[in-house]
Structures are given as C-alpha cells and as structure tokens.
Amino acid sequence: MGFIYFNDEQKQRASEVDLERFLLAQGEELIRSGPEKRLKRDHSVTIRGNGWYDHAIKEGGGPVSFVQRFYNLSYPEAMSMLLNGEQGQPFQRAEPKQERAPKPFELPPAHSDMRRVYAYLMRQRFISRDVLSEFARAGLIYEDAEHHNAVFVGNDEHGVARHAHKRSVNSFGKTFRINVEGCQPQYSFHWMGTSDCLYVFEAPIDMLSFLTLYPKDWQKHSYVALCGTSDNALLWMLEQNPQLKKVALCLDHDPAGIEACGQHIETLRERGYTQAVMLQPQQKDWNEDLKALHGQEAIPAQEHPQLIVADAICQRIMEKLSVSKGSQAAVQLPGLIAQYKSSLYRGNPSQAMGWMENAAALAIAAARRECRQIGRDLAPEQLEAALLRRIKPHHNRSSLKNRPGEIEVELRGVLAKSEGIHTAEEKMQTATAWLDLAASCAMVPVKYAADELIQQQKQAQEQAQAPPSMAM
C-alpha cells in the first residue's frame, strides 16, 4: 500500500472505533470478563470500549495499535481497515467512558447450604469431596444466596476477604464467570502451605482438579488460581511466603497458556526464582484431565502453532550451516536483511522467509566460530537445540514488517561485542549473542509459518461447519 494521508478528523474517528463491535464484525469471538471482553483466541487480551490491554506482555493502547499488532498491518493499512477503506461509514464510535467511584468490595451473601455447589463440582467436575470440604471449612468456597453460584474467596495476609470469583453451576446454558466488583487481583483464590513449592493455575476449578488428581499431602504445598493469566496473585504469594523457592506453572495447555508461562518464567527468573518450570496437563486443562480419567469426553490440548512449525524451520536453517561462513557474518547479514525487506515489499513473503533463514544460519556459523576459537566445538545437534530453546512465542508477536529494524539494532550490538581482543568468557558471551541473533532471525519465518497454519486451520473449520452442497 502506497503513502496515504490521514487528516486529523480521520485520525480522531479511527481512534474512537468501538473495538468490541469492530472485532465482532471481523468474525472474532469475545468472552465476557467483568466489564471487559477477552479475545477467545488469546485470553490474555482484554477489550473495553476503544481500548485494549495484553496482560501477558503488559502493553495496551487504542484501535490503531491493536489492528497493527494483531492483524500484522502497517499504519496506513490499519487506518484504512478501521475507516472501512475510502468508502462507506466508519464503525460506530465507542461511548465516552463514564468515570465513577469504584464500588467497595463485598462478598456476596451466602446461601444456607452448599448443596448445588457440591453437586456441580463433584458430579460434573469430579472434584474430590475431601478437597472441596477442606476449602469449604476454611470459608474459601461457598454458595451465594441469590443465584446459587460457586464463590471462590481470596483472603489477604490478615485473613480478610479481598477477592471473590463467581462461577455459575448450571448444567445447561451459558457459563457465567466473573470477579466480584471491587476485588483486588493479588488476593485471588489460593492456599498457603508450609513447603517450598508453589503451584499456579488459571482457574479455581483447575486448581481443585489438580488436587483431586494428586492428593498426597497436598495441604503442605501452596497453590494459587490467577483467575486469568496475570501474575499479580503469583507475585503476591511469593512476597508473602519467603520459603517458596520452586514454582510450577500449571496453566492451560493452549497457545495463551503457553505464552503466559513463558512470560511468567522470565519474570520469576529476573526476581531470582531459578526453579520455575512449566507443568502441562495432557488435555486442555486439569479438569479436562480429570474428566478424561472418568471416561468423559475431554477438550484436547492445543499446541502453540509457532512451536509446531519451529522444528522444521530450525532443521532447514541447520541444513544451510555447512555453506555459511561465520567470518562473513558481519559483511553479509546487512545484505540479507535488505533482501528480506525487498522481497516483502514486492509481495513475495516466501522468498523473504528464505533470506531470513539464511541470516539465521549465518549467525549460528558466527557463534560456532567464536566457540572454536576457544577450543570448544559445538555439534550441529547442540546448536539446533540451542536455537529451538530460544524460539519463544511470547516474544514473537510483532509485525513481520517491523522485524528488520529490530534485527539491525541487535546486529549492531553483537558486532560491538565482537570488536577487539577478548577473554574466553567474553568469547562465550559473544557466541551467545550470535545465537540470540540467530533466534531473532529464525522467529520471523516461524511466525509467518504459524500464521499460515492458523489460517489453514480456520478455513478447515469453516468448511467443516458449512452445510453440504446439493449435487444436481
């Protein structure tokens, strides 16, 4: 798309597009989450009016930045999409936000018994009676009086309720899940133990399901349900319990859960928690595992598309290693990046991905050269494994058009490390920097292939749902 001028009035209209209406018009599915909506394909993203926020990467903005990021469009393309191109009427504006005083948190009134909650959690969700009773006796689960919802309570460090998550227990109809207004997210539903282990879940029922599956001495350990994927409650648990050293991230086995795990592990390691691991259910979540154990149909796990395609792309990159000379990396990489930009501009993305794979192979060759200079020769299998470890979907979301600039900045940093005479330790640091650069290059074709896979899966799903054709 050529240069397009947008006047101030057009920019104002684009910035005021109601994102919820816009996304529904694009065929996106939204899930209610209190006063906001969540993207079904990415639960970490919430929408409200003309604003969005990605809780996994802690970034947000307005309609233009949303369309640029999530539809991989340039600024002019995003503007035109929001304004219906040059024809027609723009999407309806979001109503101005009405600021109001926050409502004080208050627990919903409790019903006289927990008959419906017990029946739902035990018969339909297969939660252990012993586990459920332990939380009920502690006042952490009860049935509300008005609608008979299950209420999962989170207390602060003084035992005062500060958080409550309500969930409907209907056998039929639409599921209702919401945090009570005024609650504070860091105090989400949890259990404090005495060991050094903390287990982290997305939802209270996931947490109860895990305890049902693995009941041995469960009370000794600590558990928290984030009621989403934000790390507020996780970090609060660690602050309140200095004995906690080991963290198992037991989030959903789907793309959103995988990305959130990657982000949380990095956050934890930055704070000194080196024993943080991802623990995945076999099915989509721990309750689906529990359902499968009882012979019920379960929602299967969904692997992250980027991790599905990464193996084949890394293998292709390694096949190019034998013809890549590490000594030429500094000279040849800028040209490969330029070739990538040119191919993408001419509308030949497949060729552009080939240039970036070549760039990744050249960066790996440079890393291997640095290691050989200090007497450490890494086998291709070791290099491929190191490359795969660096493919992180939660760092691989920006537009493919923005990647050349990012990679060029990273390349300048690597070249600065390479200058002069270095110790063996500094040589290894430079080799690591080259490997990181190789991963940055490799993640470009990984994202492209993953986006293509998602589109193919979507088309297959639409075809499967379409009525059969009438043969004449």
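Which element gives the most to the lining of the second largest pocket? In this predicted model, local features were taken at pLDDT of at least 70 and side-chain atom pairs at pLDDT 80 or more, while totals for chains, interfaces and linings use all residues. Residues are numbered from 1 along each chain as its sequence is written, and side-chain values rest on heavy atoms, with hydrogens and water left out.

The element in question is α9, with seven residues. Helices (H or I, at least four residues) and strands (E, at least two) are DSSP runs numbered from the N terminus. A pocket is defined on a 1 Å grid over the protein atoms alone, as an open set of points where a 1.4 Å probe fits, with protein on both sides within 12 Å along at least five of seven lines; lining residues have an atom within 4 Å of a point. The second largest pocket has a lining of 16 residues, and Gly262, Arg389, Ile391, Lys392 and His394 lie nearest its centre. Two or more lining residues come from each of α9 (255-270), β14 (275-278) and α14 (380-389). By class, the lining consists of nine nonpolar, two polar and five charged residues. Here Ala, Val, Leu, Ile, Met, Phe, Trp, Tyr, Cys and Pro count as nonpolar, Asp, Glu, Lys and Arg as charged, and the others, Gly among them, as polar. The volume of this pocket is about 370 Å³, taken as the space filled by probe spheres set on grid points that are joined across faces, edges and corners.

The largest nonpolar core contains 49 residues, of which Ile317, Leu333, Ile364, Leu387, Trp434 and Leu437 touch the most other members. Such a core is a set of buried Ala, Val, Leu, Ile, Met, Phe, Trp, Tyr and Cys residues joined through side-chain atoms within 4.5 Å. Buried means under 20% relative accessible area, exposed over 50%, and partly exposed in between (1.4 Å probe, protein chains only). At least two core residues are supplied by each of α11 (305-319), α12 (329-345), α13 (349-372), α14, α15 (403-418) and α16 (424-465). Helix α16 gives the most to this core, with 15 residues. In the segment after α16 lies Pro467, which is exposed at 70% relative accessibility. The C-alpha atoms of Pro467 and His294 are 34 Å apart, with their positions 173 residues apart along the chain. Helix α15 holds Glu408, a partly exposed residue with a relative accessible area of 26%. From Glu408 to Arg38 the C-alpha separation is 35 Å, and the two are 370 residues apart in sequence.

Aromatic contacts were counted for rings of Phe, Tyr and Trp (its six-membered ring) with centres within 6.5 Å; planes under 30 degrees apart count as stacked, over 60 as edge-to-face and the rest as tilted. The count comes to 16 aromatic pairs. In one of them, Tyr187 and Trp236 meet edge-to-face, at 5.0 Å centre to centre and 80° between the planes. This pair links distant parts of the chain, 49 residues apart: Tyr187 is in the loop between β9 (177-179) and β10 (190-191), and Trp236 is in helix α8 (residues 232-240). Both partners are buried, Tyr187 at 10% relative accessibility and Trp236 at 6%. Ring pairs also link a cluster whose members include Phe135, Phe152, Trp191, Tyr214 and Trp286.

No disulfide (a pair of cysteine sulfur atoms within 2.5 Å) was found in a search of the whole structure. The sulfur of Cys227 cannot bond because the closest cysteine sulfur, in Cys183, is 8.0 Å away, too far for a bond. Cys250 is likewise in no disulfide, with the nearest cysteine sulfur, that of Cys261, at 8.1 Å. Cys227 is buried at 15% relative accessible area, and Cys250 is buried at 0%.

Most residues other than glycine have a negative phi. Phe126, by contrast, has a positive phi near 65°. Phe126 lies in the loop between α5 (115-124) and α6 (129-137) and is buried at 18% relative accessibility. His148 also has a positive phi near 65°; the residue is in the loop between β6 (141-143) and β7 (150-155) and is buried, with a relative accessible area of 15%.
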